[in-house]
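Visitor: Could you take me through one part of this model in detail? I'd like the helix packing and the cysteines that go with it, cut-offs included.

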Amino acid sequence: MRFTHINSLAFEPDPRPNEHHLRTTPTPINICTASRRNPYLQEARNATVAQVAAGWSSRIEEFLRTETWRRIEAIFNGPPQVLQRLSRIDKIVGFGLGNLTTSAVGREGERPEEEGEGFRERRSCMQHALLVSLADLLEARTGSRVRRVVQEPAYLDTCKGALSGRGVEVVERDDGFLLVDERTLVFAVSCNVPVRQIVADLARPVGMIWDRVEPEDKSPPEWEENEDGGLVSPYTTDYASSRVCEMVQEYTEHLLPEEDADFLGHVGVYVRKEVS
């Protein structure tokens with residue numbers, strides 16, 4: 001789906017709309033559907049499911065050695081009252097975790113390098129590693145099965161094959177949101193969809209792992225000027241609205257280490273407080 005601003009409803013729209021008007025006044029929006037070829041099809045044309053699975057496995061091993069994982073283990077191996085709340089989790093739903101194929105084996109079948117663009121590409125593998133590792137931990141702690149569910153429009157068949165091999169379900173369209181309830185742990189990092197706002201309107205999950213909710217997030221992002229004087233739209237789709245800020249007051253916040261921000265961003269773990 002594509003959203004485009006309509007600067008004027010006149011038959012001859014002003015080619016240079018008033019900047020103050022754009023900043024302060026809601027403009028009409030044209031909403032239309034559009035389909036396009038998955039951009040990763042060409043870049044990952046030589047990859048196989050076996051290659052993706054092997055590349056991802058090595059990243060899972062790498063993730064389990066990070067300070068982030070040690071911190072997550074400490075949070076989810078907490079006191080009995082925390083375990084009681086976490087035992088309610090019957091599924092982890094991940095949103096927008098990225099294309100696993102190019103992250104695992106690189107572009108055109110080449111494994112990503114440890115620096116540069118390839119270093120950033122590993123984000124998807126590491127985020128998927130967190131999801132499956134946490135599900136394994138919860139199952140070990142509670143003795144109950146935890147579903148692993150992901151929703152990502154950029155997946156290729158090779159992504160889905162590797163995920164299926166580790167028991168991860170891929171859902172399409174908006175089905176992931178329909179699964180979110182009071183027994184869910186939601187996982188989303190810098191998603192290009194307003195996941196936090198949608199979840200705040202849907203349910204109160206047991207927990208969330210997503211971008212930290214900072215006090216300044218209470219104000220919507222504003223248009224800014226670049227060095228050439230042009231208007232630049234806010235660089236976020238999933239900012240914390242007032243509803244999100246109110247929602248997280250019902251949760252205990254645990255911040256994750258900054259040292260792993262290259263693949264996880266500035267993320268917090270939110271565990272729901274005891275409900276009387």
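Guide: Let's start with burial: a residue is buried when its relative accessible area is under 20%, exposed when over 50%, and partly exposed in between, using a 1.4 Å probe and the protein chains only. By that yardstick Cys125 is buried, at 0% relative accessibility, and Cys159 is buried too, with a relative accessible area of 0%. Before going on, some housekeeping: this is a predicted model, where local features need pLDDT of at least 70, side-chain atom pairs count only at pLDDT 80 or more, and totals for chains, interfaces and linings use all residues. Residues are numbered from 1 along each chain as its sequence is written, and side-chain values use heavy atoms, with hydrogens and water left out.

Back to the cysteines. A disulfide here is a pair of cysteine sulfur atoms within 2.5 Å, and the structure has zero of them. Cys125 goes unbonded because its closest cysteine sulfur, in Cys159, is 9.2 Å away, too far for a bond.

Now the helices, which are DSSP runs of H or I with at least four residues, while strands are E runs of at least two, both numbered from the N terminus. The protein has 13 helices and eleven strands. Take α3 (residues 49–63) against α9 (residues 157–165): their axes lie 8 Å apart, at an angle of about 55°. Axes are lines fitted to C-alpha atoms, for helices over the stretch in contact, and angles run from 0 to 180 degrees between N-to-C directions. So α3 is oblique to α9, given that under 35 degrees is roughly parallel, over 145 roughly antiparallel, 65 to 115 roughly perpendicular, and the rest oblique. Contact means heavy atoms within 4.5 Å; on the α3 side it involves Val49, Val52, Ala53 and Trp56, and on the α9 side Asp157, Thr158, Gly161, Ala162 and Leu163.

The other partner is α8 (residues 123–142), whose axis comes within 9 Å of that of α3 and crosses it at roughly 70°. That makes α3 roughly perpendicular to α8. From α3, the contact uses Trp56, Arg59, Ile60, Glu62 and Phe63; from α8, the list includes Cys125, Met126, His128 and Ala129. So there's our buried Cys125 again, sitting among the α8 residues that touch α3. Trp56 turns up in the contact with α9 and in the one with α8.

For the wider setting, 42% of the 276 residues count as buried.
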